Each structure stands twice: as C-alpha cells, then as structure tokens.
Amino acid sequence: MTDADKREASRRFIQKWSGKGKEDEDDRSYWLDILQRIMRCDDATDRIEFQKKVIVDGHTKRIDAYIPETKIIIEQKSLGIALDKKIHQSGGIDLTPYEQAKRYNDNLPSSEKARWIVTSNFAEIWVYDMDTREPEKNITKINIKDLQNHYSMLEFLLSKQVKKITEEMELSLKAGELVGKIHDKFLEQYNDPSAKNSQNSLNVLCVRIVFCLYAEDAGLFGAKDAFSKYIEQYHHKDIRLALINLFKVLDTPYKDRPDLYLSEELESFPYCNGGLFANENIIIPKITQEIKDTLIESALFDWSKISPTIFGAVFESTLNPETRRKGGMHYTSIENIHKLIDPLFLDDLKAELEEIRSISVKRTKENKLKQFQDKLAGLKFLDPAAGSGNFLTETYVSLRRLENELIYELHKGQISFNLKESNPIKVSINQFFGIEINDFAVTVAKTALWIAESQMMKETEDVISTHLDFLPLKTHATIIEGNALQLDWNTIINKTQLSYIMGNPPFIGQSMRSKEQANDMQSVFEPFKAGGKLDYVAGWFKKSADYTKGTKIETAFVSSNSICQGESVNLLWELLLSTGVKINFAHTTFVWNSEANDKAHVHCVIVGFSYFDRTTKILFDGNDKKNVLHINGYLSNAPDVFIKNRSKSINKGLAKVVQGSPPADDGRLLLSAQEKEILIKRYPELSKVIKPFIGSREFINDIEYSRYCFWFVNKSPSDYQHIPELMDRFEYIREYRQKSRVDRIRKTADRPFLFTQNRQPETEYLIIPRVSSSSRRYIPIGFLPPDVIASDSVVLVYNASLYDFGIICSNVHNAWMRTVAGRLKSDYRYAPSVYYNFPFPNITNEQKKAIEKTAQGIIDARNLYPTKNLASMYGEKMYLYPELQKAHQLNDKAVMQAYGLSIKDTSEADCVAYLMNMYQELTSK
C-alpha cells in the first residue's frame, strides 16, 4: 500500500467520522475502520478485542478495546467529551479517561499490561507512553482532522517495532538542536566570531551541511551514507579541504568536471545547481576532532523526515536570541499558518477538488482535473516578511498535496504519464516570492523550499510508482533580501501576475521601533501621520493595500491584536476602509503558538482583506466559525464605526469620568503603611495631610490600604516646615520636576507639595482599574470615599450611582470594553473613552430599579468574603465564590433585558454588534 493510498484512506476516514461518534454505539466501527482502512489490516477483527473483562476491587469492569499483540488499552469516549476531564464513575470516584484506563491496567496480569494507553473522543486520539517514568507527561495528541498528513503516527497500533511515537515537529526540533550544535562548534574556530564575514560564512556553511545531511538520507546523493562516509574517511585536519572540494563538485555540471581530476568518491556526487554551493569565498575554519564527531553524530539522525515548514524556523533559531528579538521575528506554527492560508485560498481549492471528484462522467472529470492542475500551477504567492519561509513552504506543500491527490485520481483512471516527454508535476516553487531583510533567513527559506520540493516529489513517486529526478535543482523561489517597506514590490513580481499576499510581519510596538523603522512607517503612510502612532506591523497592511489597489489580489496577515483595538482602528482601518478595502475573514484574538526555542507569547489576530467583497465573509472566534455579512476594523460583525476620544458621553446626563490624579513625584509624595506609622508617631500633626492612596494594583490585590500619600489640598505646607523629612521630600520633587521634559510638569515645580493635577472627587466615586487581566470576565470595580486618593492608574466615575455600577459591571459593558479598549500586552487597558462611547440603554424606571437591586447584590456578595481580595474573587476560579458568581449572572440578565437582548440566545459577538449599531445611530444624530 503506497503512501498515497494511505493518505486517500485517511481522507475518506476523516470524511466519514467528521462530527460524529457515540461511545457505546460507534467505538467498534471506529477502531475497525482505522485498522482496516488506514492500516490495511485484513484480519482486524482477530487482532482487536472489544469489551475485555478486568476485575477491579472485586467488580467486573470492561476495557473498551484491547490489542493483545502490541498491548494497547483503548478507553473510548463520545464526541465532545474532553479527554482531560474527570468523569464520575460507578464506584463513586472521578477519573479522567487515562486514569480510568490506568486503573484497568493496574489490575491486568503482568503479561497483559499496556505498553500504550490510548484515549479517544472520535475527534482526537491521545497516546500515553507507558514505557516512560511519567506517562501522563508523555502524551502524543493526534487530531483526526489532520490524520491525512500524520497517518504514520498510528503505526504503533500494529507494530511492536515502534518504540516511540514521533511527529514532524519533534523530529524538526531535534534537527534544530543538532544544527545549533554544529553552529556552535564551528563558531569557536573562527578567529573573530563576531565579525560579519565570519557570521555570514558560518550561516552559509551550516545551510550547506544540513542540505548534504538531508540529501544523503533522502537518497539524492545515491548511496544512503554518501556524505557521512565521505567525511568519515578523512582525518579531522583534512576535512576542511574535503568540504571545499565537495562544495565545488556539487556546484559543477557533469560536463565541466573532467578538468577537476576528481577522485572516485567525489565523482559520484551529483550536480545540485540553484546557487547553494556557488560562493567559493565563504570562510571555512579549521576543523577539530570535536567538529568531526559532531558531524558524524548528526549523520545518524534521519534528516529525510523533518518538516521543512517547522525546520526552517527552528534552523533560524540558531541565531542569537537577542538578534532575533531586535528583528521582531516570531515563528509561526503549522497550525497558525493554516488558520491563515485555509480561509485565504486552501479551503476553496479543496472544495473545488472534491466537487470535481464527484463528477461521474469520466472524460469530463479528467478534463476538469487537468484544468484544476493548471489553475494550481498558475497561482502566485508573495510573503513580504518571509523570515525562514514557513508560510511559503507550507503553502507549497499544501498545493503539492492537492496536486498529488489529483494526479492519483488521474493515475488510477489509467491515464499514463510518458515521463520522457513530460513530468506529471506542474506546481513549482517558481510560483513563490518573498522579501526578507535578514540574509541568513533568505538562504534558509530557499533551502526549506528545496527540501519541501524533494519530499513532495517522493510522494508523487509513490502515487505514480515511477522514479523522478530531483537533482540538479531546476526551480527556485524568488526570495529577495531587502526592506519590504522601502522596496517597490512590483520589481519582485508585477501585481497583475500575483494571486495572494500572506505572512506574519514583525511585531514591534510603536514605542519599541528603531529610528530606521520609524522612518519606514513615515514613508509608507505619507502624507498621513498615522505611521507615527501605529505598531510596525501596520506598515505591511498599508503597503499591501497600496500595492493591490485595482487588482483581485487577496491579502492576509497574522498580526499583534493591537491593530484592531483602541486608537489603532481609527488610525489604520478608517484609512484603509475609506480607500475601498474590504475585510473578508478574520480570526479574533488568539494566543500565539510558536515552534521557536524561545517561544514568543503574543496575542494575535489574523485579518484577510482585498478590494472586493467576498460573497461569504467568515469570522473565527476560537473554535467558533461564523458566516457574516460584514467585518469592521474591530473584527466585529457590525457596521464600520470608529470610536473617537471624547470629553463627554454620547448619552445625555451621564456622570463625568476622568483618570485619577498623577503625582509626578518620583515616589516622594507617597508612603508605605510602615512609613506612615513611623511619621505620624513622630509628628502627629501629619495625620491631617496623609491619606490612603490607591491605584489599580492596590485596589485589586489588597484587602487593607497598603499605600498612602501626602495630600495638601486646602492645607498650608508652611504649617509643616519644621519637619525636615517633609522639606527634604519637597525639595527633591521641586528639582525632579524642573528637569522634566514635559512642560506641564516643569510648571508645577514651585508647588512640590501638590500632585501635578488634582482630579480627586469631593464625594463618593466609582473606581475602575485602567489595567486588568484578560483572564477576567468582569473588570473588578467599586465605590470609594473621597478621602481615598486615586492615582492616575485608575479611572474615576464622579457621583456614580448603583445603576452606573450595575451597567459597568455587566457582561454587556465588559464585552464592549474587550472590543474597543486598548491593550497592555494581553491585559485590558480601560480609558475614559471606553465609557464615554458606550451606548447606555433607554430604560424604564422598573428596569433601572431592577439593575440597582442586582448591583447591590454584587456588593453584598463581595462582603461575604471580607478576607478575600478582588484578584481572588475575580480570577479564573470565580466559581469558588458562588454567591458572587450568581449575583453577576442576575445583574447580567437585568442589564441585557434593559437592552432587549436575550441572555440565552445572544453571544458576545452579537452583543457587540448590537452596541455598535446603537453607537452608529447615536453618533449620527
């Protein structure tokens, strides 16, 4: 059975079992399907035992499935049951599926104990390696929807030879470790390792060695161990010259080799072409025995099974991590690449192929397949922030797998290929274009694509049962070294020829940009001033929009979520949408998954856009996918609204909202609780001018006041000039403010006893933390008396009522905040504009009273836990405070009823869309 057969069997399996599966009804059919369809096991019913008996605590229990030959216990659950969730058992205990299977295993005879424990819910298969010290920490997770590319991971079911279940990522990470080792050993031998020519030479040398290691394992060099045996035969001092000779041969066509007087072992190496071995000026340092040993050790690894998509990123991670951070590079996982390329083009291509497959008329089907292959070969892709080429590589692999599927359809239809006249493969890496500022990354990207081309050609060989020659390299991707924001993209590929733009540009915040990057943004956004305030990634959105205007090109980028929040929506999306840009699909905020060694934990969005409207727009929110009519700059299914900074509310008669008072004192007006006690004990008169001081951190985390401040409003500082500690503080503040670059702070230097601005209310007020964790469903807010001084790290609502408290506490207001507020990293950043732009409901007196009642209920529920802070009560385990959770639910219900929304049928996205429609109506008036 060929690999193509197994992929096709896996595809049909996925199609059959997608979205279904009941534990008691379907488990037998499911596992027999895996063994018979995918593993091609003819005697499957004889090799798997269902409902195997086991005695546990004197009671007969049944194992869902057991494979005696490979000693595998299978615990099956229904679709939708989480495999890490504890389930109540008949014995009165709660166990996860693994714990349940392990309990059975503990009661089996030693001869039957499991080598592997498998848990499944029809959508996923989790495999626990029982030959490890902590099996629960050695889990391999197989997602059924990805089985077509990972069917080999199921070989352990019937093969005793499988000692460890691996996947491409694990292999590629191991390969990355080896590359790092090679890199470091060579680096030690350069006279000046920090010199640019040393670094460049070393980068090229590493790429060449890895290509040779891959080529020998993939059979490209003929003999399986051609490269490693070539190295082994030399003394370590002679390997340097041996490598120079080898690289020369690999770059020389056969017809030009007679003049080289080659040895027999060199003559056997093929011509590679492609420019990989062309530069003879790279510096190869002297080679030690340790380097030779490292090369031989690396040759023992099977390089042919690495994923070029992942490996390119891992390879690049051998660079200095600090250099990588300064470049703003983040390495995208395959999963995240498909979050972008699937809705951009791949889903439509897969659907088109499936439609062609369903055609019953043979000649019509064959013609359609050939036309579809021509279509695939005609698509062209640009990644203007190519990095190590993972978007380009995974896109190439995905297109080639589609092409191999259609070749299989044609081949099994007995269409013969005359390989002397034509190659059945039409999709080429010539269709891929990239721009990358890092020269080493450019080389890695090209090499990753060559490796991908080799692997996919091997898969084609399996389909047509015919050998195809990979070397010499006949095609190459056009990946240009340069600054994408300064280059004219038309010089790389004319926009009339391009189909798609994609990638993940650098994530560098506005405040972290270098002078050169700030100039890049200015040139891209000229004459608009938006470039001065936006994160660096926004430059790629603007540059793409300018380049694609007047075309049918579609673009999609992964981005930090900042571009769809706060002021960025006005600065970027109001500008782009006004030129005719349409957002066609988007993923709302998700946590980044990276394959790099120093994983970049970033909260991202994906935005797909063009100058034409797709018939169906798609909005992804986590695992939820929704077809919508419109997507705005906040990535909501709502009209195009742009939330502006306002000095008063869009609603009439609402309370005033401000930031708290800024001290600008370098800490000299502030005191700890201990300092306050010492000073008042020494100078009792200070008790009149020392007040509790509170910011976001103290309000959320403290139960009692932990900080205090000097508050001389309406007090005469001269009455306290006899206190030297106080006078020293005032003098320090005066000098500190005089040195400030901010004019308004310098102007307050002659009043060092006062905060630079006094925004403190004279009556009870409502406090809202400016920064709050994104893990909270509700921002914790509360009432404070006027003698508690609020810092500028909080927002204050003057003269707030219980009604205001209830509205701001509600899931409605929090949903609005999550959409329109800015972020500090992943945390919410509340500002007065969030409140001033929020559409309050038009309510009756009865509805207002109902909200006041539920608001008081929240306060009363908090008071039940006097020893707990708000951080605990509003954390991820809010369920531990059931009275508070219930009080919020009642308040949510009352507020949603005031808006006329159903709490059961209204999602958060629906709620935000409703509010944005209200906002548009209120602001248009």
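In this predicted model, the face of helix H28 that is turned away from its buried side carries the exposed residues Asn845, Glu846, Lys849, Lys853 and Asn863. The buried residues of H28 are Ile851, Thr854, Ala855, Ile858, Ala861 and Arg862. Because these buried residues cover an arc of only 120° around the axis, they lie on the same side of H28. Their packing partners are strand S24 (782-784), helix H25 (802-809), helix H29 (870-873) and helix H30 (882-899).

The length of H28 can be set beside that of another helix, H7, which spans residues 196-217. In both cases the expected span rests on a rise of 1.5 Å a residue, as the table shows for H28 and for H7.

| Helix | Residues | Number of residues | Expected span | Distance between end C-alpha atoms |
|---|---|---|---|---|
| H28 | 845-863 | 19 residues | 27 Å | 27 Å |
| H7 | 196-217 | 22 residues | 32 Å | 32 Å |

Helix H7 is mostly covered, with 17 of its 22 residues buried. After H7 comes glycine 219, whose phi is positive, near 80°.

A sheet forms another part of the model. Nine strands make up this open sheet, in the order S11-S10-S9-S12-S13-S15-S14-S16-S17, and their pairing is mixed. Strand S11 (478-481) and strand S17 stand at the edges with a single partner strand each, so one side of each is left without a neighbour in the sheet. From one strand to the next, the twist averages 15°. Helix H17 (residues 439-464) packs on the sheet, where H17 touches strand S10 (432-436) and S11, and the direction of H17 makes about 170° with that of S11.

Within this sheet, strand S14 (residues 582-591) is mostly covered, since seven of its ten residues are buried. S14 is joined by seven bridges to strand S15 (residues 603-610), and these two strands run antiparallel. Two pairs illustrate this pairing: phenylalanine 585 stands opposite glycine 608 in S15, and valine 591 stands opposite histidine 603 in S15. S14 is also joined to strand S16 (residues 617-621), here by three bridges, and these two strands run parallel. In S16, phenylalanine 620 is the bridge partner of histidine 587. In a regular strand, the side chains alternate between the two faces of the sheet.

Beyond the strands themselves, one loop residue deserves a description. Serine 636 is found in the loop between strand S17 (624-628) and strand S18 (657-659). Is serine 636 buried or exposed? With a relative accessible area of 8%, serine 636 is buried, because buried means under 20%. Leaving aside residues up to four places away in sequence, serine 636 touches Leu619, His630, Ile631, Thr819, Val912 and Met916.

The cysteines complete this account. A disulfide is a covalent bond between the sulfur atoms of two cysteines. When a disulfide is taken as a pair of cysteine sulfur atoms within 2.5 Å, the count comes to zero disulfides. For cysteine 911, the closest cysteine sulfur is that of cysteine 809, at 15 Å, which is too far for a bond. Cysteine 911 counts as buried, at 4% relative accessibility, and cysteine 41 is likewise buried, with a relative accessible area of 4%.

Methods
Residues numbered from 1 in each chain as written. Predicted model: local features only at pLDDT ≥ 70, side-chain atom pairs only at ≥ 80, totals over all residues. Heavy atoms only, no water. Buried < 20%, exposed > 50% of the residue type's maximum accessible area, 1.4 Å probe, protein only. Helix = DSSP H or I, 4+ residues; strand = E, 2+ residues; numbered from the N terminus. Pairing = 2+ DSSP bridges. Contact = heavy atoms within 4.5 Å. Expected span 1.5 Å × (residues − 1). Arc of directions from axis to C-beta. Axes fitted to C-alpha atoms, helices over the stretch in contact; angles between N-to-C directions.
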